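User: Please take a close look at one part of this model, the loop residues and their backbone angles. Then add what can be said about a pocket.

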Amino acid sequence: QNYAQTQVATEVGKLNRYNVTNGAALVTESKSGQILAMVGSKDYFDSEIEGKYNVVTALRQPGSAIKPLNYAVGIEMGKVTAASVFNDTETCFNVKNQRNYCPTNYGNKYYGLQNLRHSLGNSLNIPAVKMLKINGLSEFVASASAMGISTFTNPDDFGLSLTLGGGEVYMTDMGVAFGALANMGVLQPLTSILKVTDKNDKVLEEYKYVPGKRVISSETAFIVSKILSDDGARSMVFGSGSMLNIKKHPEVAVKTGTTNDLRDNWTIGYTPDYVAVTW
């Protein structure tokens, strides 16, 4: 906890020139769901940045950090594989009772034919929207909800922008969903309390491990995790050996997410044992 608090304050301090004033982090154990560290803001007592506002338990847009769940649904349903090809080119999508939806890639760059591995690794927007179109909003909303995203309930509330972060989420829910990917498809609800005792040290309540439920297959979780831990799969956009590549730890899977106005910037990293969600 102390380490997490120090890191949030230190990293936010490095970003002053970008007018970044606050940050948050959540570290969990994927197999048990235990919360190991939670930092809701850079400084709880700093009124200038509304330090008492706990980002970990607040609704925020996830940006592209939601994409792995979308691709996981497509893989799980057998509609695509890691080798499936998407055409990353300017595309407008016809949405019933709405104006055509014409998303763009970051930097307005397009890369042509790309397989799913590179589409997810490089966080390309057009393939992600095409994946959601294939999955269908109802299927994705239901599946994401099963994976722990409690704010996705009614598909009529969303459009194809949902895969680019168009629906608000809780950081805790993202910890649960990515924990399921880390835990080979088994979801563990988060728990923050280990023991409650009274003044006489009598135990009133105590944490007991209860095996979670499987929400996706181990094969799907493995494929998505391997893509997110593959430095080569993201090198086209992020460059080889970027900050997302943790030296001597090739098993670390990482996904970033940024909203259009750059207000919400996420990085979620995980191993088979731990999940770290940062904002």
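Analyst: E50 is exposed in this predicted model, with a relative accessible area of 57% (exposed means over 50%, buried under 20%, partly exposed in between, with a 1.4 Å probe and protein chains only). Its phi is near 50°, a positive value in a residue other than glycine. E50 sits in the loop that runs between strand 2 (35–39) and strand 3 (59–60); strands (E, at least two residues) and helices (H or I, at least four) are DSSP runs numbered from the N terminus.

K248 also has a positive phi, near 70°, and is not a glycine. The loop that holds K248 lies between helix 8 (235–238) and strand 11 (253–258). K248 is exposed, at a relative accessible area of 81%.

As for the pocket, the second largest one holds about 260 Å³ of space. Its lining has 15 residues, and V95, Q98, L137, P155 and F158 are the closest to its centre. A pocket here is an open set of points on a 1 Å grid where a 1.4 Å probe fits, with protein on both sides within 12 Å along at least five of seven lines, and lining residues have an atom within 4 Å of a point. The volume is the space filled by probe spheres set on the points, which are joined across faces, edges and corners. Helix 4 (125–135) and helix 5 (137–146) each give at least two residues to the lining of this second largest pocket.

Residues are numbered from 1 along each chain. In this predicted model, local features need pLDDT of at least 70 and side-chain atom pairs 80 or more, while totals for chains, interfaces and linings use all residues, and side-chain values use heavy atoms, without hydrogens and water.
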